[in-house]
Amino acid sequence: PTSHFWPGRLVATEDHPRPPATITRMEPGLTDELFTRPQFSIPAVEKRALLLPALQELTEHHRTHCPAYARILDGIGYTGATAIEDLPYLPVSLFKTHYLSSVAPDEVFKTMTSSGTTGQAVSRVVLDRHTADLQTRALAAIMTSVLGPSRLPMIVIDTPNVVKDRTMFSARGAGVLGMLPFGRRHFYALDDDMSLDVEGLRAFLDKHPEQPILLFGFTFMVWKYFLQALPEEIDLRQGVLIHSGGWKKLQDEAVGNTEFKAALRARTGMTRVHNFYGMVEQVGSVFLEGEDGYLHAPNFAEVIIRHPQTWLPAPNGTPGIVEVLSVLPHSYPGHVLLTEDRGVLHEEGKLEILGRVPRAELRGCSDTHAYDRVSA
């Protein structure tokens, strides 16, 4: 079923239908209703009523299984919450300095790391198989809202080397790998030196004429290494671009979301462009851009804007610090996080990200790529 944020926008192909996003193990902290109902469709008041008990259960789960988290809750005197705004949040930077795990070492399936420039500390997030499966299924539920139920021919605006290490993932590699299941006949558009494979791109498009095509890449890399290098005759009117990260570098070049979309449309004919907001500390909980130009939280996640002086929830229209909540993190206490990003909530849960908190470290996937290449 289509979401009301993308009316009439579902597309499909004949091949490789994706399995429905169902959950086989639901506890602690999950309710099947958050996954089975169309994403972005649950009214805010109802969604928060569903999320609260799930997040309360997760808080107690991590308190029991993560001694460091239990010490934090004991230190702040936390005894319970009657609203999601009252749940204890962790600063996202804590994952750069502390190893926080709610599973035994032999249950760790994968360790993910955040992006960072040379010399920066990176976040370390441990996943067991259950949490990894939840994140995969959650992402499938989100992307089905905009891509439809079937896999599309896919252009990855990156180099194939980005996904080679499958045991220790960077945020950039994890982002690419997480999107691969939504495509088929994958074509990596960039060579190892970040140059565009123009002939390979032409051959790929010739094989899929007049078909919807999924494109995925990080924002700065799409702009710098793909769009700027495209021959004028390349036609991507059937393309659907999902992208994220790298806005700081583009803003330095006076390129915002409006200019980014306008340039893509003028150069390629592509009109279906969706930015998303997410982080390695809450992989799977992707805030996706709707046709209204704003980001929206999926059913199993929520966002709160906090005033940077009082730390109380800020009213709609008032900028503050972004807090993200998700029922997905079971193997580590990342279910309620205070980010290093500034944002503002508008009516009907419309989220706008305003940028990094001053003096926060550069950490976006393609921002850090650009920084490393310039400073090397």
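Helix pairs whose axes meet at angles under 35 degrees count as roughly parallel, those over 145 as roughly antiparallel, those from 65 to 115 as roughly perpendicular, and the rest as oblique. With that in hand, here's a quick look at two helix pairs in this predicted model. One pair is α8 with α10, whose axes cross at roughly 40°; the other is α2 with α3, which pack at an angle of about 115°.

**Helices α8 and α10**

- Helix α8 covers residues 219-226 and helix α10 covers residues 257-268, and their axes come within 12 Å.
- The crossing angle is roughly 40°, so α8 and α10 are oblique to each other.
- As for handedness, α8 goes past α10 in a left-handed crossing.
- On the α8 side, the contact is made by T219, V222 and W223, while α10 brings in E259, F260 and A263.
- Sort those residues by class and the contact of α8 with α10 has 4 nonpolar, 1 polar and 1 charged.

**Helices α2 and α3**

- Helix α2 takes in residues 44-65 and helix α3 takes in residues 67-76, with their axes 5 Å apart.
- These helices pack at an angle of about 115°, which makes α2 roughly perpendicular to α3.
- Here, α2 passes α3 in a left-handed crossing.
- From α2, T59, H62, R63 and H65 do the touching, and they meet P67, Y69, A70, L73 and D74 in α3.
- By class, the contact between α2 and α3 comes out as 4 nonpolar, 3 polar and 2 charged residues.

Notes:
Residues numbered from 1 in each chain as written. Predicted model: local features only at pLDDT ≥ 70, side-chain atom pairs only at ≥ 80, totals over all residues. Heavy atoms only, no water. Axes fitted to C-alpha atoms, helices over the stretch in contact; angles between N-to-C directions. Helix = DSSP H or I, 4+ residues; strand = E, 2+ residues; numbered from the N terminus. Left-handed = near helix turned anticlockwise from the far one by under 90°. Contact = heavy atoms within 4.5 Å. Nonpolar A, V, L, I, M, F, W, Y, C, P; charged D, E, K, R; others polar.
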